[in-house]
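Please read the following walk through one protein chain alongside its sequence and coordinates, taking up helix packing, strand pairing and a single loop residue in turn.

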Amino acid sequence: DTSLESEAAGESPSPSRQRVAGGGRLSENRKLLQSERPFVRIPVAELEGEEDGDSFGGSGRVLAGALSSELPQSGKSVRRQPKPTSAVVQVSGELLCEDLEDFDFSFETPPMSTGGLHGRVPMSPAGQPITLETAKSLRELLFGSAKAPSFNPEWRRQNLAFCDCSELEYGLVQHKGGPCGVLACIQAYVLKHLLFVDAKKDLTKSPRPSPAERSSALAAGMADILWRAGGRKKATLALPSTSALGALASPSYRPDRLTERLVLYHFSDRQALGRFIHSRLAVFQDESSSGCVLFLYSALLSRGVDSIRQDMDEKEGKLMGAHNYCTQDIVNLLMTGLAVSNVFDGNLDLDSGGSSKHVLKGIPEQSEVGLLSLFEYYGACTVGGHYKEPVLPIWVVCSESHFTVLFNLQRNLLKDRQLEKRFDLHYYDGLANQQEPIRLTIDTTRDSVPDHDDLTPPLELCIRTKWVTATVSWNNTEPLL
């Protein structure tokens, strides 16, 4: 692992820097820092007040860590240590001493999992602890304010784990509503690799990957998304810290015990990014992991907060929608690398009659994977050809405030009109507790638009936004209403 981290940074690990990751001026704390004893995390759950809205300790004090003769093991409690009178803390890159007389130092399991045995992320020169400024900008971008409530439990408990049902081994499982936009985009890129990159020829039925094959596809798909978000020149991966650098705090920032504990790994090489993600998959997949949040933060950091605001129609808007659903901006970022707010092709200039025009930004070029939306069927938006005619026959589907995935097994489906006369689409919904494959047969040979009523499945209406005259057979599967 350390060789991968050093490769990302282009330098060799330094033992001294590993002990005091993040650095800063030692000043009067030099003697304290020169101790050979390791740092450990001090839980601050009782100080955060996330549930009742209290501020972190009420005074902007930062709890970072204490000197101890033992390191906590993942998932276990550690014996109580003597209470120190001071500890090293980090504020905006400086190391300071805080008086800790008033705090209890009972060590507990960290509130955010780092992914089990193989998920522990040691601090190294390759990883930099997130700064207060970056933590604030991320929270403001997502939630409108760094003091607003952060991710809800549905997001925090969402990992990137695969389904164990027969013939659905390729699918990511969603536990609760909310993160479906992120999961569906990752799912689309997982399918890209399982169907059209790793497979030697077109499959005749849904993929049934081995654990190793689907792990490789997941790592490659995640790397695809992050590399594209970084303009195909760079990427950032956000992982949770197990070090004692702890939480940042200020009067303008409300700690959420997640954002301020990130360690950021920066890459300028696509292959190194992919290998590093693969080596850290346990961090994203562990049962108690916040893998979905970690990946979303990685995508935001890869694109950059300032660039994302320039992409958005509302420069001072926020990315998290009502009821903690993903906005279209997030989905577009993960699919195309740009956090634009619309799904039509190109840009639309709005002339308000003044000296300047307002530009609404859409999808600038053909997307690798596509998107279909029920909103278009009802006239609320227009999905352009860049999404309807993607490079690969994989579509993220937005229907009833939920994102799922449709895909075809033939790479050339969209290049051969004969193939498009009658073909199958496979459907996967990670939230629906799906127990068996759903295969839809699409017939586009009719000359007229089929009738529909209130009992027509919304998924069929989404399909008809691209294949207008399509009739849909559910092949003895109960239609999803």
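The paragraphs below describe a predicted model, beginning with its helices.

Two packed helices are described by the angle between their axes and the distance between the axes. For helix α7, which spans residues 180-197, and helix α11, which spans residues 291-303, the axes come within 10 Å and cross at roughly 75°. An angle from 65 to 115 degrees counts as roughly perpendicular, and α7 is therefore roughly perpendicular to α11. On the α7 side the contact is made by V182, L183 and I186, while α11 contributes C292, F295 and L296. Sorted by class, the residues of this contact between α7 and α11 comprise six nonpolar, no polar and no charged.

Helix α11 also packs against helix α13, residues 328-336, and here the axes come within 11 Å, again with a crossing of roughly 75°. This crossing makes α11 roughly perpendicular to α13. From α11 the contact draws on F295, L296, A299, L300 and R303, and from α13 on I330, L333 and L334. F295 and L296 of α11 take part in the contact with α7 and are also listed in the contact with α13. By class, the contact of α11 with α13 has seven nonpolar residues, no polar residues and one charged residue.

The next stop is a sheet. Strands of a sheet pair through backbone hydrogen bonds, either parallel or antiparallel. In this model three strands form an open sheet in the order β5-β7-β6, and their pairing is antiparallel. Because β5 (127-129) and β6 (235-240) stand at the edges and each has a single partner strand, one side of each is left without a neighbour in the sheet. From one strand to the next, the twist averages 30°. The pairing of β6 with strand β7, residues 262-267, runs over six bridges in the antiparallel sense, and within it A235 has F267 of β7 as its bridge partner.

The last stop is a single residue, L409, which lies in the loop between β12 (402-407) and β13 (422-428). Is L409 buried or exposed? Residues under 20% relative accessible area count as buried, and L409, at 6% relative accessibility, is therefore buried. When residues up to four places away in sequence are set aside, L409 touches L195, F196, D202, L203, T204, K205, S206 and H426. With L195, one of these partners, L409 has a C-alpha separation of 6.8 Å, although the two residues are 214 residues apart along the chain. L195 falls within the span of α7, residues 180-197, the helix with which this walk began.

Technical notes
Residues numbered from 1 in each chain as written. Predicted model: local features only at pLDDT ≥ 70, side-chain atom pairs only at ≥ 80, totals over all residues. Heavy atoms only, no water. Helix = DSSP H or I, 4+ residues; strand = E, 2+ residues; numbered from the N terminus. Buried < 20%, exposed > 50% of the residue type's maximum accessible area, 1.4 Å probe, protein only. Contact = heavy atoms within 4.5 Å. Axes fitted to C-alpha atoms, helices over the stretch in contact; angles between N-to-C directions. Parallel < 35°, antiparallel > 145°, perpendicular 65-115°, else oblique. Nonpolar A, V, L, I, M, F, W, Y, C, P; charged D, E, K, R; others polar. Pairing = 2+ DSSP bridges.
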